[in-house]
Amino acid sequence: MNLTLFRRTLAAYRVRLLAVGTGMFAWGFVLPIIYATFGQDLKELVEGNPLLSQFARFGGGDVFSLHGAIALGFIHPFTLVLMGIFAVGFSTVAVAGERQRGTLEVILARPISRHAVYLTLLLAGALFLALLLAVHLVASVTSASLMGVLDELELANLPALWLVGWLLFMCFLAIGLAASVSFDRLAPALGITLTIVLASYLLEVVGSLWPDAAWLQDYSLFHHMAAAEVLDGQMMAGDIALFGTVIAAAVASAWIIFPRRDLAAPS
Amino acid sequence: MVPTPMSAIVTRGLSKTYGARERVLGGRGEAATRVRALTDLSIEVRQGEIFGFLGPNGAGKSTCIRILLGYLHPTGGSATVLGRPVIGDAAEVRRRVGYLPSGISFYDTMTGEGLLDYLARLYGRGSPRREALLDRLELSAATLRRPVRDYSRGMRQKIGIIQALQHDPELAVLDEPSEGLDPLMQHAFYDILDELRRDGRTIFFSSHVLSEVERVCDRVAIIRAGRLVALSDVEELLRRRRRRVEMRVEGPPPSLERVPGVSGVESREGILTCQLEGDVGPFLAAIAGVRVFDLTIEPARLEEAFLEFYTDDPPGAPS
């Protein structure tokens, strides 16, 4: 790892981090308010209507309980878009984007190994994701406290929720970086990573909304986050192992590919 | 080639082939498409010299430079830079080298000063030459406080030169360094190179501007289609060049056919033209008794030597 490159990466992304962090805070803050204000009314509205009920429990999250509302905050498309800015955007631009612009050339002219560049970018991305999810959870706890429903939340389970959320998005970050070190241009790296993320999300959405296709969810990384269950104290070792395996495979692939790649002059 | 203790760069049989298998459109199967970017290149760059590396676009200059700096992996041969192998020790090699890529790109939102500071920190050492370079290239403190996106092409090139040299590297690899510099700044840059040479630094210099190579380089290598076609002192290369001679004489023209170094003699209406190669003494002796009104010996130019290597069939081409 290279500390100078790490600091520069943090500095280069500070405005985006602040903007996305604000979005994640607002989103985390609003969900407990929705639950505390409209949760009961919405529950009564959808009960008895199987179709509405199915839609209201998308991805294991809902607004009928505080745990459900916080879980929804982890699986909602809005979260995916915000976290995707770093899990997908940062990771794919980090190497392929810099390479396309010609700026990687200048960095690699310095006495820094490609492994050090990769590790630095991986750690910076990991820190960004960790901070964003932490901000999101802090906002939810603050909001729940202000709404007077904090006693419904098992605070001891929040670190586990933060961990599984971080591991999920770390999977995409590691995949994005692996794609990024494998291509000279941004488009294929971004395309491959986005396809994996969206396919995974689609499997979760379809499986969640259509009971006959529930088996598809097993093939979605989002399904293995199981935020509501984690908040209920049921963290699955198998899910953690799956995330760990995906991250390890992506990191290993990048670790092997990047130093062996020929970096021709940027066009 | 036996490297001397004073070798800054040594390549032995360095080769690079870009290979890919591709499906033949409309065909039945696959065909291998292989591009030989560099073939069996053996050169030695001595410490303390300015070494010109010449060749047209696509000749393999950048491929060679990128192998030396660890961006590309050779498919054959070996290379050492400052005594260290470029494979496996590339980061240590780069610690002692300054590199200016052709058409360098920067982070546009950073200021010139911030960028130079950042790039110097990545070396993990100070920038002892920065102030002198800024002074020579006339980059003021006010200019450095502006973001790089506001810089002209010439100013970017100046920043590129400074980032490559500010940490006082033992070897500077400069790819088209004077690109975008105005004539005044080009001369300032040549002065910088002279100064570096006086301080014992080595410059590996790739350029299309042959007059500049002639002006600053001690030795040159000319490559063509990835192969070395000439490696020589600039002076030696020029000495061997044929120069065009034209003279106006009174009376019968002198017989020059048998004079050593003279060829292509033509005489018409009192004007005699010929080609002169090497020592001018025998030629002057041969015309000693002739009444010469006018005599022009065009100086040898590197450009002509360069073009000579490129007018023949490419190496390895079918005859």
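pLDDT is the predictor's confidence in each residue, on a scale from 0 to 100. The views below show a predicted model.

**Figure 1. Confidence across the two chains of the predicted model.** Chain A has an average pLDDT of 90, with 95% of the residues scoring at least 70. Among the elements of chain A, helix H7(A) has the highest mean pLDDT, 96, and helix H3 (residues 50-56) of chain A the lowest, 67. For chain B the mean pLDDT is 85, and 91% of its residues reach 70 or more. Residues 22-27 of chain B have a pLDDT below 50, and this stretch makes seven contacts in the model beyond near neighbours in sequence. Where pLDDT is low, predicted coordinates should not be read in detail. For the model, the ipTM is 0.83 and the pTM is 0.85.

**Figure 2. Close-up of the contact between chain A and chain B.** Chain A contributes 19 residues to the contact and chain B contributes 21. On the side of chain B that touches chain A, helices H1 (61-68), H2 (90-95) and H3 (112-121) of chain B each supply at least two residues. The most comes from H2(B), which gives four residues. By character, this side of chain B consists of 13 nonpolar, three polar and five charged residues.

**Figure 3. Close-up of helix H4 (residues 66-75) of chain A.** Ten of the ten residues of H4(A) are buried, so this helix is largely enclosed by the rest of the structure. The buried residues include A:Leu66, A:His67, A:Ile70, A:Phe74 and A:Ile75. Among the elements that cover them are helices H2 (14-46), H5 (77-101), H7 (114-146), H8 (158-182) and H10 (227-231) of chain A.

**Figure 4. Close-up of helix H1(B) and the residue B:Gly70.** H1(B) is mostly covered, with eight of its eight residues buried. Charged side chains are represented here by B:Lys61 and B:Arg66, and the buried residues also include B:Ser62, B:Thr63, B:Cys64, B:Ile65, B:Ile67 and B:Leu68. Just after H1(B), B:Gly70 adopts a positive phi of about 85 degrees.

**Figure 5. Close-up of the hairpin formed by strands E12(B) and E13(B).** Strand E12 (residues 262-268) and strand E13 (residues 271-277), both of chain B, pair in the antiparallel sense over five bridges. Across the pairing, B:Ser267 stands opposite B:Leu272 in E13(B). Two residues lie between the strands of the hairpin, and B:Glu269 in the turn has a positive phi of about 50 degrees.

Key:
Residues are numbered from 1 along each chain as its sequence is written. Chains are lettered from A and ligands numbered from 1 in the order in which they are written. This is a predicted model: local features need pLDDT of at least 70, side-chain atom pairs count only at pLDDT 80 or more; totals for chains, interfaces and linings use all residues. Two strands pair if DSSP finds at least two bridges between them. Two residues are in contact if their C-beta atoms, placed from the backbone, lie within 7 Å. A residue is buried if 20 or more other C-beta atoms lie within 10 Å of its own, exposed if 12 or fewer, and partly exposed in between; C-beta atoms are placed from the backbone.
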